[in-house]
Amino acid sequence: MDQQSDARELNDLMVRRREELAELRARGIDPYPHGFERDAFSAAIKETFREGDPERNVAIAGRIMSLRRMGKASFFHLEDSQGRIQVYLKRDDLGEIYDSFRLMDIGDIVGVEGFVFRTRTGEVSVHARKLALLAKSLRPLPVPKEKVDEEGNRTVFDPFSDKELRYRQRYVDLITNPQVRELFRRRARIITTIRRIFDSRGFLEVETPVLQPQYGGAFARPFVTHHNALDIDLYLRIADELYLKRLIVGGYDGVYEIAKDFRNEGMDRSHNPEFTMMELYVPYRDYIWMMTLVEELISEVAGALNGRMQVAAGEGTIDFTPPWKRITMFDAILEHTGHSLRGKGDAELRRIAKELHVAVEATDGAGKIIDAIFGGTVEHRLVQPTFITDYPLEMSPLAKRHRSEEGLVERFEAFCNGQEICNSFSELNDPLDQRARFEEQMRAKAKGEAEIQPLDEDFLRALEYGMPPTAGLGIGIDRLTMVLTGEESIRDVILFPQMKPETPGTA
């Protein structure tokens, strides 16, 4: 069937459903009532049913997902938030509403009052004594169709498997693909587990501004908006870091925020312009202490989510059991390429990058070249949880200088399944050093660098009042969810990922 025929069939079905809606109203049936008192759910009913128990009356509600009409009796499967259960209807029990059942379709939302029983085929079901239409569906659902050949082989045709359409119409994706609903329950469990762990350690959850007069905390291009009342441009935050550090200056013993950040950058399997970030700052600690916390945190989250610290990844398994491997960035590059980059100048680094077939920009300095070499030769090989430590200073303008190695900072990133899942510093708390780093960033901007850390005078003022030694951490919730659930694209773990607008007239 071609697209034109598909559209014609869809339009015919939509017309028919509107005709059914009109007839229901003509019969005095409100197709959109105000509520329904339910007291049971499908999975719990099936799990607790026992033969010989006293008759149990239930009130359930959900969406019709399959139906069989057979004259004086009919069956349909009702789907609620826990799963599906079969409903049995008899004309003798329902009277006039049974005659109106022919005007109901797959996708309609109904309420059922009745008693639980087991059919002759052994299926736990609800025998309906009352049936109420709660919402008439005016668009047909893309319910999977099945075809059985002469040998009994079953083929399922799912018209709603197109990824683009599923992201765009997530509501239909959630209706037709229960495993997607479960995925986002698992994502919520990840976040609540992180909150529980941090709250139990005495860290305070806070909220910082989304609209900021000065963006900062990461190398990224911001989104810009205009505040009419103040007549100023504001930025959607790219990170929470600088505001959370202000709170450490203010005297809190550990603060964290789980929030949306926004970066005006490209989109791929691990990047979305709007994403969820968790940031934590703990005074009197350093990045070594934070590595242990990360091991404990993520292994506990994995255990809470999956019942164990091992997670399937393709044909292999990722094991989050502490301790994780720890290796410096330079040693990791040496291990995987045979090249030692310590002490190399820009020209030599460019030569090595070219030899390794790693593309770099003409304006890139040593730090960006090293980062590009790492990204192109090492990152994708880091399948098991690994801490990459001790980065070049120019890559990290907000991190504290390394206590024993010149030209490096105390920073780590944790990698897993070939992608970064968190970033951490021993935070820079020397206001004069911080100002000098900001000024270096502004010189880079003057040379044409787009993604820089701008100079923030108010943040510098806060540091001048004194910030204790502090460890900071950022975890990308979306990427962590990808790793812990085995999803391969960030758009699979974001309910409403960013999409281009639909073409006008799209069904």
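Buried means under 20% relative accessible area, exposed means over 50%, and partly exposed is in between (1.4 Å probe, protein chains only). The model is predicted: local features need pLDDT of at least 70, side-chain atom pairs count only at pLDDT 80 or more, and totals for chains, interfaces and linings use all residues. Residues are numbered from 1 along each chain as its sequence is written, and side-chain values use heavy atoms, with hydrogens and water left out.

**Exercise 1. Place Glu274 and classify its exposure.**

Step 1. Glu274 sits in strand E13. Helices (H or I, at least four residues) and strands (E, at least two) are DSSP runs, numbered from the N terminus.

Step 2. The relative accessible area of Glu274 is 30%, so Glu274 is partly exposed.

Step 3. Look for contacts, meaning heavy atoms within 4.5 Å. Leaving out residues up to four places away in sequence, Glu274 touches Lys260, Asp261, Phe262 and Ile494.

Step 4. Check Arg263, eleven residues from Glu274 along the chain. Their C-alpha atoms are separated by 6.7 Å.

**Exercise 2. Give the strand order of the open sheet and find its edges.**

Step 1. Two strands pair if DSSP finds at least two bridges between them.

Step 2. Eight strands make up the open sheet, in the order E8-E12-E13-E20-E19-E18-E17-E16, with mixed pairing.

Step 3. E8 (204-205) and E16 (325-328) are the edge strands; each has a single partner strand, so one side of each lacks a neighbour in the sheet.

Step 4. Inspect the E16 end. E16 and E17 (residues 386-392) run parallel and are joined by four bridges. Arg326 has Phe387 in E17 as its bridge partner.

**Exercise 3. Decide how far helix H8 is enclosed, and say what covers it.**

Step 1. Locate H8 at residues 241-249. H8 lies across E12 (255-262), E13 (274-283), E19 (419-426) and E20 (470-476).

Step 2. Take the angle to E13: about 25°. Axes are lines fitted to C-alpha atoms, for helices over the stretch in contact, and angles run from 0 to 180 degrees between N-to-C directions.

Step 3. Seven of the nine residues of H8 are buried, so the helix is largely enclosed by the rest of the structure. The buried residues are Glu241, Leu242, Tyr243, Leu244, Lys245, Arg246 and Ile248.

Step 4. Their cover includes E9 (211-212), E12, E13, E19, H14 (457-464) and E20.

Step 5. Look just past the helix. Gly251 follows H8 and has a positive phi, near 115°.

**Exercise 4. Compare the settings of three salt bridges.**

Step 1. A salt bridge is a side-chain nitrogen of Lys or Arg within 4 Å of a carboxyl oxygen of Asp or Glu. The whole structure holds 45 salt bridges.

Step 2. Asp478 and Arg187 form one, at 2.7 Å from N to O. Asp478 is in H15 (residues 477-485) and Arg187 is in H7 (residues 178-200), so the pair ties together parts 291 residues apart in sequence. Asp478 is buried at 2%. Arg187 is buried at 11%.

Step 3. Arg342 and Glu405 form another, at 2.9 Å from N to O. Arg342 is in the loop between H10 (329-337) and H11 (346-355), and Glu405 is in the loop between E17 and E18 (408-416), so this pair ties together parts 63 residues apart in sequence. Arg342 is partly exposed at 34%. Glu405 is partly exposed at 28%.

Step 4. Arg351 and Glu355 meet at 3.0 Å from N to O. They are four residues apart in H11, so about one helical turn separates them. Arg351 is partly exposed at 41%, and Glu355 is partly exposed at 43%.

**Exercise 5. Trace the pairing on both sides of strand E2.**

Step 1. E2 covers residues 73-80. Seven of its eight residues are buried, so E2 is largely enclosed by the rest of the structure.

Step 2. E1 (residues 57-70) pairs with E2 in the antiparallel sense over seven bridges. Arg63 stands opposite Glu79 in E2. Their hairpin has two residues between the strands, and Gly71 there takes a positive phi near 70°.

Step 3. E2 also pairs with E3 (residues 83-90), again in the antiparallel sense, over eight bridges. Glu79 stands opposite Arg84 in E3. A hairpin through two residues joins E2 to E3.
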